[in-house]
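Subject: A structure for you to look at

Hello,

Here is the structure I promised to pass on. Please open it alongside this email, and then read on for what turned up in it.

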Amino acid sequence: ARVAVLISGRGSNMAALLYASRLPDCPYEVVLVASNDPDAAGLALAKAERVPTFALSHKGMGRAEFDALIDAQLRAAGADYVALAGYMRLLSPEFIDKWGGRIVNIHPSLLPRYKGLDTHTRALEAGDRTVGCSVHEVTAELDDGPVLDQIEVAVLPGDTAETLAARVLIAEHQLYPRALANFVTRDRTPEAKLGRVREIAT
Ligand code: GRF
């Protein structure tokens with residue numbers, strides 16, 4: 001499967017997806033990294049790794065108009081799936097219509113708890129004993145689609161939002177490649193999956 005990754009910043013989850021894609025049994029490849037922020041640090045990493053990139057600031061542009069340009073890039077790259085990795089923009093209903101059922105996102109909370117921003121601060125304020133991360137299918141509502149997979153992370157005495165974010169990020173990097181691999185192969189029959197394993201082995 002051909003995956004385009006959308007980022008807005010650091011791109012550590014994009015990097016986790018990319019490096020996992022180079023393992024021998026991975027069912028997806030990263031064919032494009034696109035950003036709505038031309039200064040996103042993750043773009044430099046993608047370029048250094050020879051992954052095609054596309055960057056365009058959304059400023060001064062309508063949501064549907066901007067997403068149509070992203071859509072054109074995804075099609076040109078031959079992408080089958082879209083993985084959001086720290087992409088800090090809501091997608092337009094038009095875009096969701098086109099890519100519906102083929103978009104996933106990673107979110108730093110145990111959804112359905114704490115949609116939106118500042119998840120770790122909110123979890124600490126609520127006195128949660130465990131936090132975590134979720135990969136979910138993307139729908140028109142923010143952080144709302146069906147949850148595909150999660151990892152729980154224990155809250156330690158003395159944890160701050162920053163220490164929690166750092167530890168949850170480690171879990172995110174484990175979770176996202178596995179969840180994406182499962183997502184892109186979910187329709188494959190067990191025989192077809194086995195066929196792919198044989199193909200690699202020979
Ligand atoms: C991650 O915590 C992700 O869960 C959230 O935004 C952050 C992005 O980090 N959606 P990075 O750009 O992948 O390093």
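The UniProt entry, which is unreviewed, carries a "binding site" annotation on Gly11, Ser12 and Asn13. Please keep in mind that you are looking at a predicted model, and that everything below was computed from it or taken from that record.

Two of those annotated residues are worth a visit, starting with Ser12. Ser12 sits in helix 1. It counts as partly exposed, because 19 C-beta neighbours lie inside 10 Å, and a residue needs 20 or more to count as buried. Once neighbours within four places in sequence are set aside, the contacts of Ser12 are Leu169 and His173.

Asn13 is also placed in helix 1. Here the count is 28 C-beta neighbours inside 10 Å, so Asn13 is classed as buried. With neighbours within four places in sequence again left out, Asn13 is in contact with Ala85, Gly86, Ile106, Glu172, His173 and Tyr176. His173 therefore appears in the contact list of Ser12 and in that of Asn13.

Now to the ligand. Which residues come nearest to it? Of the 14 residues around the ligand, they are Arg10, Ser12, Asn13, Gly86 and Pro108. Three elements each supply at least two residues of this shell: helix 1 (12–21), strand 5 (103–107) and helix 6 (161–184). Sorted by class, the shell has 7 polar, 5 nonpolar and 2 charged residues.

The "binding site" annotation in the unreviewed UniProt entry also covers Arg63, Met88, Arg89, Leu90, Leu91 and Asn105. Two of these make a nice pair to look at. Met88 is located in the loop between strand 4 (81–84) and helix 4 (93–99). With 14 other C-beta atoms within 10 Å, Met88 is partly exposed. Asn105 belongs to strand 5, and Asn105 is buried, having 26 other C-beta atoms within 10 Å. Apart from residues up to four places away in sequence, Asn105 touches Leu84, His136 and Val138.

Stepping back to the whole chain, how many helices and strands are there? The protein chain has 7 helices and 7 strands. Following the sequence, they come in the pattern β-α-β-α-β-α-β-α-β-α-β-β-α-α. The radius of gyration of the protein chain is 17 Å, close to the 17 Å that the globule rule gives for 202 residues, so the chain is as compact as a globular protein of that length. Along the principal axes, its C-alpha atoms fill a box of roughly 50 × 50 × 30 Å.

Burial and contacts can be put in numbers for the chain too. Of its 202 residues, 36% count as buried. Among contacts between residues at least 6 apart in sequence, 68% join residues at least 24 apart.

One last stop is Ala76, in helix 3 (residues 63–76). Is Ala76 buried or exposed? Ala76 is exposed, because 12 other C-beta atoms lie within 10 Å, and 12 or fewer is the cut-off for that class. Its C-alpha atom is separated by 9.7 Å from that of Leu32, and the two residues are 44 residues apart along the chain.

Enjoy looking around!

Best wishes

Methods: Residues are numbered from 1 along each chain as its sequence is written. This is a predicted model: local features need pLDDT of at least 70, side-chain atom pairs count only at pLDDT 80 or more; totals for chains, interfaces and linings use all residues. A residue is near a molecule or strand if its C-beta atom, placed from the backbone, lies within 6 Å of it. Helices (H or I, at least four residues) and strands (E, at least two) are DSSP runs, numbered from the N terminus. Ala, Val, Leu, Ile, Met, Phe, Trp, Tyr, Cys and Pro count as nonpolar, Asp, Glu, Lys and Arg as charged, and the others, Gly among them, as polar. UniProt positions are given in the numbering used here, feature names are shortened, and annotations may be inferred rather than shown by experiment. Two residues are in contact if their C-beta atoms, placed from the backbone, lie within 7 Å. The radius of gyration is taken over C-alpha atoms; the globule rule is 2.2 Å times the number of residues to the power 0.38.
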